[in-house]
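Biologist: Please show me how the exposure of a residue and the pockets of a model are read.

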Amino acid sequence: MESSAPRTAVVWRVLRDELARAARPLNALDVGGGTGGFAVPLAQAGHTVTVVDPSPDALAALTRRAAEAGVGERVRAVQGDGDGLADLVEPRSVDLVLCHSLLEVVDDPHKVVAALAGTLRPGGAASVVVANRAAAVLARAINGHLAAASLLVASPDGRGDTRDRLRRRYDAATATALLDECGLTVEQVHGVRVVADLVPGTVAESEPEALAAFELALAGTPPYRDIATQLHLLARRA
């Protein structure tokens, strides 16, 4: 299973722990999973994965990738949107749902989270990755874009100007509140890419294992966690 890349090491560590906790093949759902960066490794580990994504091109690439990896029979591609899961996935049929880098761009994040929570069996887990407002503010300030940084600070939803490709950003408190309002209890919050986006590219290329180890060491510890590019939350349905 993929895990060593510095930019995703933290997410994979949490997922590995969750899979080990279950100690059996799981029925997983990846909402907005695209070409299968997480779905295919999960299938290779013996789990069944349904990927729901609106892009037919991404799903075609997913199908090819799964076939090339020899796990085509364990990966199902479904075209659709996150807020339409009730029509695409049987309620309470999923052990693990992934929702990575999706809540920042959908029309209604509450509707999407409620829909994915509805697919989970009691005790099922949700892996959610969201963009972190603090990291975006610091990145703009460091690059000298003080007006843009100030706009992000003042924005109620953490969005910049009309050119901003994201509709919203979160911090640990607002992301936790969103999941809680939809019936999911947050058990863990980690920072993703605490320093991976800050160090020179040569470091990432020459010392990937050291960088991944450093990311793992900082990921769960404030204040380092709270300035990461993204936040990863593991939540559970009661």
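Modeller: Isoleucine 227 is partly exposed, since its relative accessible area is 37% (buried is under 20%, exposed over 50%, partly exposed in between; 1.4 Å probe, protein chains only). The model is predicted: local features need pLDDT of at least 70, side-chain atom pairs pLDDT 80 or more, while totals for chains, interfaces and linings use all residues. Residues are numbered from 1 along each chain as its sequence is written, and side-chain values use heavy atoms, without hydrogens and water.

Biologist: Where is isoleucine 227 found?

Modeller: Isoleucine 227 lies in the loop between α9 (208-218) and β7 (230-237) (DSSP runs numbered from the N terminus: helices, H or I, at least four residues; strands, E, at least two).

Biologist: How is a pocket recognised, and what volume has the largest pocket?

Modeller: Rolling a probe the size of a water molecule over the atoms shows where empty space is left. The largest pocket has a volume of about 510 Å³ (an open set of points on a 1 Å grid where a 1.4 Å probe fits, with protein on both sides within 12 Å along at least five of seven lines; lining residues have an atom within 4 Å of a point; the volume is that filled by probe spheres on the joined points). It is lined by 22 residues, with Ala135, Ala136, Arg193, Asp197 and Thr229 the closest to its centre.

Biologist: Which element gives the largest share of this lining?

Modeller: Helix α5 (residues 133-142) does, with six residues.

Biologist: What about the second largest pocket?

Modeller: Its volume is about 270 Å³. Among its 19 lining residues, Thr8, Phe38, His100, Ser101 and Gln230 are the closest to the centre. Strands β1 (27-31) and β4 (94-100) are the elements giving two or more residues to this lining.
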